[in-house]
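Visitor: I would like to understand how the labels on a protein model are earned. Could you take me through some of them, setting values against cut-offs?

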Amino acid sequence: MGDSMEVDDFQPVTQEASQPAERKTAVAEELMRTYYSALFPVDEFYKWLAYGNDAKHPQAASGYFQRREFCFTLPQDIFVRYQSFKDGGELHKALVNRCPAKIDIGPVYNIDPQRRNAYSGGQSRFGPEERELVFDIDLTDYDDVRTCCQEGNVCEKDWAYMSAAIKILDEGLREDFGFEHILWVFSGRRGIHCWVCDQRARSMSDKERSAVASYFTAYKGQEKGFAKFTNANCKHPAMERALMTCDKIWRKNVLPQQRIFENEQTAKKIYDRIPDGEVVRRAQNSKAKNIEEPNRRMWHALSEEINRQTGSRGGDRKLQWELTKAKEEIILANVYPRLDVEVSKKMNHLLKAPFCIHPKTGNVCVPIDPKSVEEFDPTTVPTLQQVVEEYFAAGARAKDENSKGWEHTAMAPYIDTFNRCFLDRMKIANNAALGQKARATSDRLSW
């Protein structure tokens, strides 16, 4: 965290630390206060993280939400850890009063994290009991293959990488692991976060989380300047499915948008990966017809030459296998998801909350519909300044007690996505789980 400070609970900023040059401007702070007081979807946020325990159902755990850790990032990069709140109203009040630059969500502990030292046994008894299975993917991990931007810079052409990651992970989590309640969120700048919220996922041990993360981790870093994959040419159904997804996005989006073969460096990486120089030379001299886009045309020529070589019955079998492997590795190296696996492995790892404001871009961290992920544009998401201006422009309509402030801003379709793609189904599952607990209790009493 560099020079940042981490504290266990709220500490007032000192006179010296609050000098104008070292704090948010008054305008930015007022924008944040308006956002938290009138626009942050605290009701939906609380409904999510309470998992049905906000209801008056006899099986609801009244103290469940209060055992959840929240971490606030305050001015001067002060990290206020182990915050807890009785309910959504108390959380909302804290957000308005403290105006955190960022909110991170931690696990549900066995005791109220804010009171952990008040119990006998102290820290030795304090530990996480439940936490969503989370994934974090950052575009900076694709800097060796993307040509349009580097490091923290992002444009709409980069989104193909995130689109592929969401498609592959979402399908794998649902088809291979049977998870149903998955929330995808734009991180606000250059990446995506995934929250798997099924009860089974939330109850996973660290070892189980590591196993799931490893299942999706085919990317193994760099070797001789080229991405290395351990599962390339693997006939496992999950990898074959992922390869099909990667191939479509590679042809449709990555090749033309990143101008792979027009860039001398990236083109050379691909040519060097082909184990037969004659295949490359024939492809370069090919006069492919009906394909105007030069990068697609070059890949089509390469693919045709590789297919011709591997389809020959009398050819060198070892070379044929190497050519097939090279073609698959080129696609995977450029498109397959690159996870930050350390985020997924530990139950107590913090992750930025949905609907935060990214402190550097001012973007709202909005949910994404995985079924229309290719239509998402990270450069057009709502910003703090924008939604506050829209809220004030709506005037009395936005302040009506029967209306929610965000309904009159560009946040509305994204909160609709949150409800439609995730929360509505999650609430049904929560009610079913509470009903099941009630029936089990009734059966025990009857017996």
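Guide: Gladly, and please keep in mind that this is a predicted model. A good place to begin is asparagine 363, found in the loop between strand 11 (351-352) and strand 12 (367-368).

Visitor: Why is asparagine 363 called buried?

Guide: Its relative accessibility is 13%, and buried means under 20%. Asparagine 363 therefore counts as buried.

Visitor: What does the side chain of asparagine 363 reach, and how do you know that this is a polar contact?

Guide: The side chain reaches the backbone oxygen of glycine 188 at 2.8 Å. A polar contact needs a pair of N or O atoms within 3.5 Å, so 2.8 Å passes on distance. Beyond its neighbours within four places in sequence, asparagine 363 is in contact with residues including Phe186, Gly188, His358, Pro378 and Thr383.

Visitor: Let us zoom out. How many helices and strands does the protein have, and what share of its residues counts as buried?

Guide: There are 15 helices and 12 strands. Of the 447 residues, 51% count as buried. As for contacts between residues at least 6 apart in sequence, 68% of them join residues at least 24 apart.

Visitor: Which residues touch the most other members of the largest nonpolar core?

Guide: That core has 121 residues, and the ones touching the most other members are Tyr35, Trp48, Phe70, Phe72, Trp250, Phe261 and Leu302. Helix 4 (residues 159-175) gives the most to this core, with 10 residues. Tryptophan 250, one of the residues just named, touches Leu255, Ile270, Trp299 and Val335, among others, when residues up to four places away in sequence are not counted.

Visitor: What makes helix 2 largely enclosed by the rest of the structure?

Guide: Seven of its nine residues are buried, so the description fits. The buried ones are Val42, Glu44, Phe45, Tyr46, Trp48, Leu49 and Ala50. Just after helix 2 comes tyrosine 51, with a positive phi of about 50°.

Visitor: How many aromatic pairs are there, and why is the pair of tyrosine 46 and phenylalanine 65 called edge-to-face?

Guide: The count comes to 31 aromatic pairs. For tyrosine 46 and phenylalanine 65, the ring centres are 4.8 Å apart and the planes stand at 90°. Rings pair if their centres lie within 6.5 Å, and planes over 60 degrees apart count as edge-to-face. The pair meets both conditions, so edge-to-face is the label. Tyrosine 46 lies in helix 2 (residues 42-50) and phenylalanine 65 in the loop between helix 2 and strand 2 (68-74), 19 residues apart. Both tyrosine 46 and phenylalanine 65 are buried.

Visitor: Where does the charged end of arginine 202 sit?

Guide: It sits over the ring of tyrosine 51, 3.6 Å from the ring centre. The distance cut-off for a charge over a ring is 6 Å. Arginine 81 likewise lies over the face of tyrosine 82, at 4.6 Å from the ring centre.

Visitor: How do you know that aspartate 158 and arginine 146 form a salt bridge?

Guide: Their closest N and O atoms are 3.2 Å apart, and the limit is 4 Å, so the pair qualifies. Both residues lie in the loop between strand 6 (133-138) and helix 4, so the bridge ties together parts that are 12 residues apart in sequence. Aspartate 158 counts as buried at 0% relative accessibility, and arginine 146 does at 2%.

Visitor: How many salt bridges does the structure hold, and what is the N to O distance between glutamate 171 and arginine 241?

Guide: It holds 32 salt bridges. Glutamate 171 and arginine 241 meet at 3.9 Å, N to O, so they fall within the 4 Å limit. Glutamate 171 is in helix 4 and arginine 241 in helix 7 (residues 237-258), 70 residues apart.

Visitor: Why is glutamate 171 called partly exposed?

Guide: Its relative accessible area is 33%. Buried is under 20% and exposed is over 50%, with partly exposed in between, so partly exposed is the right label for glutamate 171.

Technical notes. Residues numbered from 1 in each chain as written. Predicted model: local features only at pLDDT ≥ 70, side-chain atom pairs only at ≥ 80, totals over all residues. Heavy atoms only, no water. Helix = DSSP H or I, 4+ residues; strand = E, 2+ residues; numbered from the N terminus. Buried < 20%, exposed > 50% of the residue type's maximum accessible area, 1.4 Å probe, protein only. Polar contact = N/O pair within 3.5 Å; in protein donor to acceptor, adjacent residues only side chain to side chain. Contact = heavy atoms within 4.5 Å. Core = buried A, V, L, I, M, F, W, Y, C linked by side-chain atoms within 4.5 Å. Phe/Tyr/Trp six-rings, centres within 6.5 Å; stacked < 30°, edge-to-face > 60°. Lys NZ or Arg CZ within 6 Å of the ring centre and 35° of its normal. Salt bridge = Lys/Arg side-chain N within 4 Å of Asp/Glu carboxyl O.
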